[in-house]
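Reader: I'd like a close look at one part of this model, the stretch where the early serines sit, and then at how the rest connects to that stretch. Keep it informal, please, and spell out the cut-offs as you go.

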Amino acid sequence: MEQIIFFFVAFLAIISAAYFVFARNPLYSILSLIVTFFSIAAMYILLNAQFLGIVQVIVYAGAIMVLFLYILMMLNLNKGDESKKQNITKFIGVFAAGILLIGILGAFKGLNATTFGGDADSSIGLTKNLGRLLFNEYVLPFELASILILAGIVGAVLIGKKDL
């Protein structure tokens, strides 16, 4: 039963991601991206990675999508913008998608039948184990990443502020 739900959610993610790419209206495109993010969060939860699922919902489906909608409303895109794209740009997009498809097929070719089977540890992906790893083995990279993010926030505030 769990596999059926997983494959349904994966199918929903693929369909909504494809609609995101091919939608003419940018607002519908962003709404389908929200569905994709929620589907990916559901897949994380089904794979026993609850922390990643919740972070996916909070960060991507919440904060990033609000930012996308805000930018979309600021830009005020018109329907005439789609016709201004040149054919060479569309050809480059199709070519890049083909290269990506070849890469994905090459990755699937290297998989074994035992990759998806076997005994899985049920404690993998739990927040307790992730916290233990982050604050014991990887405490220095974790703190350096937080300092880097803080420096980025300070830099963004200084650039955005007009009067110093």
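Author: Let's start with Ser-16, which counts as buried because its relative accessibility is 6%; buried here means under 20% relative accessible area, exposed means over 50%, and partly exposed is in between, using a 1.4 Å probe and protein chains only. Before going further, a word on what you're looking at: this is a predicted model, so local features need a pLDDT of at least 70 and side-chain atom pairs count only at pLDDT 80 or more, while totals for chains, interfaces and linings use all residues. Residues are numbered from 1 along each chain as its sequence is written, and side-chain values use heavy atoms, with hydrogens and water left out.

Back to Ser-16. You'll find Ser-16 in helix α1, where a helix is a DSSP run of H or I with at least four residues, a strand is a run of E with at least two, and numbering goes from the N terminus. Leaving out residues up to four places away in sequence, Ser-16 touches Ser-32, Val-35 and Thr-36; contact means heavy atoms within 4.5 Å. If you'd rather think in backbone terms, the C-alpha atoms of Ser-16 and Ile-34 are separated by 8.7 Å, with those positions 18 residues apart along the chain.

Now hop over to helix α2, which covers residues 26-46 and holds Ser-39. Ser-39 is buried, because its relative accessible area is 4%. With residues up to four places away set aside, Ser-39 touches Val-9, Leu-12 and Ala-13. Ser-29 is another residue of helix α2, and at 8% relative accessibility Ser-29 counts as buried. Once neighbours within four places in sequence are left aside, Ser-29 is in contact with Phe-20 and Ala-23. There's a polar detail here as well: the Ser-29 side chain reaches the backbone oxygen of Phe-20 at 2.8 Å. A polar contact is a pair of N or O atoms within 3.5 Å; within protein, one must be able to donate a hydrogen and the other to accept it, and residues adjacent in sequence count only if both atoms are side-chain atoms. Ser-29 and Tyr-19 are 6.8 Å apart, C-alpha to C-alpha, and ten residues apart in sequence.

What about the greasy side of things? The largest nonpolar core has seven residues: Ile-30, Leu-33, Ile-34, Phe-37, Ala-61, Met-65 and Leu-72. Such a core is a set of buried Ala, Val, Leu, Ile, Met, Phe, Trp, Tyr and Cys residues joined through side-chain atoms within 4.5 Å. At least two of the core's residues come from α2, and at least two from α3, with the largest share, four residues, supplied by α2.

Phe-37 deserves its own stop. At 13% relative accessibility, Phe-37 counts as buried, and it touches Gln-56, Tyr-60, Ala-61 and Met-65, not counting residues up to four places away. The structure holds three aromatic pairs, and one of them is Phe-37 with Tyr-60, a tilted pair at 5.5 Å centre to centre with 45° between the planes. That pair links distant parts of the chain, with Phe-37 in helix α2 and Tyr-60 in helix α3, 23 residues apart. Rings of Phe, Tyr and Trp (its six-membered ring) pair if their centres lie within 6.5 Å; planes under 30 degrees apart are stacked, over 60 edge-to-face, and the rest tilted. Tyr-60 counts as partly exposed, because its relative accessibility is 38%.

The loop between α2 and α3 contains Asn-48. Asn-48 has a phi near 65°, which is positive in a residue other than glycine, and with 23% relative accessible area Asn-48 is partly exposed.

Zooming out, the chain has six helices and zero strands. Of its 164 residues, 13% are buried. As for confidence, the chain averages a pLDDT of 80, and 83% of the residues score at least 70; pLDDT is the predictor's confidence in each residue, from 0 to 100. Among the elements, helix α1 (residues 2-22) has the highest mean pLDDT at 91, and helix α3 (residues 50-75) the lowest at 80. Where pLDDT is low, the predicted coordinates should not be read in detail.
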